[in-house]
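The following questions and answers examine a molecular model and its fold, helix by helix, before turning to the ligand.

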Amino acid sequence: MNDFLVMSHAEAKLVKGTFDAMIRGGKGPDFARAFYHHLFEIAPEVRDWFPKDMAEQNRKLVRTLGVLLKNLPEWHDVVGPVRALGPQHGPFPIGPQHFEAFVTCLFKAMEEVMGASMVPDVLIPFRMAFLRLGEEMMRAGRRR
Ligand code: HEM
């Protein structure tokens, strides 16, 4: 399992490049605001799990996505930062539908900020990676 690739090296470069270009020029906060706006619309039950003031959470989301993408595509590089998020998620009844919503909102927010559609070459590896890493994050949270 140590040599498992979350996605190909070329895909990782493409995905990271797309994210970096999207947040360039101080667009990180716009992206995070749009992301949580859509998430709370699609899954209103999760609103109360988050703080009322989302400023800090917005910063954490952008920073963490950057760290995860930087550590792709090797499983053994990305798994540490992913497992470290377990304790913050373990206490909540987060299910597969929330990960679906998470990925949907991620793309929606990115497309809004970019003003362009995500291409399948980026969308598919991004989606597969997040669902796979999310599963590991929740497993790490439950282990504690
Ligand atoms: C791989 C996908 C995900 C990533 C990268 C991620 C990222 C983060 C980050 C960076 C934090 C802040 C941790 C800290 O305080 O240091 C956080 C907290 C949190 N996330 Fe996620 N998350 C993911 C999936 C989800 C999903 C699917 C849900 C369900 C709606 C969720 C709900 C929460 C909640 C409730 C908190 C804690 C808020 C608080 O206590 O202030 N996350 N997440």
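Q: What percentage of the 144 residues of the chain count as buried?
A: The model is predicted. A residue counts as buried if 20 or more other C-beta atoms lie within 10 Å of its own. Among the 144 residues of the chain, the share that counts as buried is 20%.

Q: Which pattern does the chain follow along the sequence?
A: The chain contains seven helices and zero strands. Read along the sequence, the pattern is therefore written with helices alone: α-α-α-α-α-α-α.

Q: What radius of gyration does the chain have, and which value would a compact globule have?
A: The C-alpha trace spans about 40 × 40 × 25 Å along its principal axes. For 144 residues, a compact globule would have a radius of gyration near 15 Å. The chain agrees with this, as its own radius of gyration is 15 Å.

Q: Why are the buried residues of helix 2 on the same side of the helix?
A: Helix 2 covers residues 28-42 and reaches 21 Å from its first C-alpha to its last, close to the 21 Å expected. Its buried residues are Phe31, Ala32, Phe35 and Leu39. They lie on the same side of helix 2 because the arc they cover around the axis is only 95°.

Q: What covers the buried residues of helix 2?
A: The residues concerned are Phe31, Ala32, Phe35 and Leu39. Their cover includes helix 1 (9-23), helix 3 and helix 6.

Q: Which helices do the buried residues of helix 6 pack against?
A: In helix 6, His98, Cys105, Leu106, Ala109, Met110 and Val113 are buried. They cover an arc of only 130° around the axis, which puts them on the same side of helix 6. On the other side, Pro96 and Gln97 are exposed. The buried residues pack against helix 1 and helix 2.

Q: Which residue takes a positive phi just after helix 6?
A: Helix 6 has 19 residues, and its end C-alpha atoms are 27 Å apart, in agreement with the span expected at 1.5 Å a residue. Just after this helix, a positive phi of about 70° is taken by Gly115.

Q: Which residues come nearest to the ligand?
A: The shell around the ligand has 13 nonpolar, six polar and one charged residues. Of the 20 residues around the ligand, those that come nearest are Val46, Trp49, Thr64, His98 and Phe102.

Q: Which elements give two or more residues to the shell around the ligand?
A: One of the nearest residues, His98, is also among the buried residues of helix 6. The elements that give two or more residues to the shell are helix 3 (55-71), helix 5 (86-89), helix 6 (96-114) and helix 7 (120-143).

Technical notes. Residues numbered from 1 in each chain as written. Predicted model: local features only at pLDDT ≥ 70, side-chain atom pairs only at ≥ 80, totals over all residues. Near = placed C-beta within 6 Å. Helix = DSSP H or I, 4+ residues; strand = E, 2+ residues; numbered from the N terminus. Nonpolar A, V, L, I, M, F, W, Y, C, P; charged D, E, K, R; others polar. Rg over C-alpha atoms; globule rule 2.2 N^0.38 Å. Buried ≥ 20, exposed ≤ 12 C-beta atoms within 10 Å, placed from the backbone. Expected span 1.5 Å × (residues − 1). Arc of directions from axis to C-beta. Contact = placed C-beta atoms within 7 Å.
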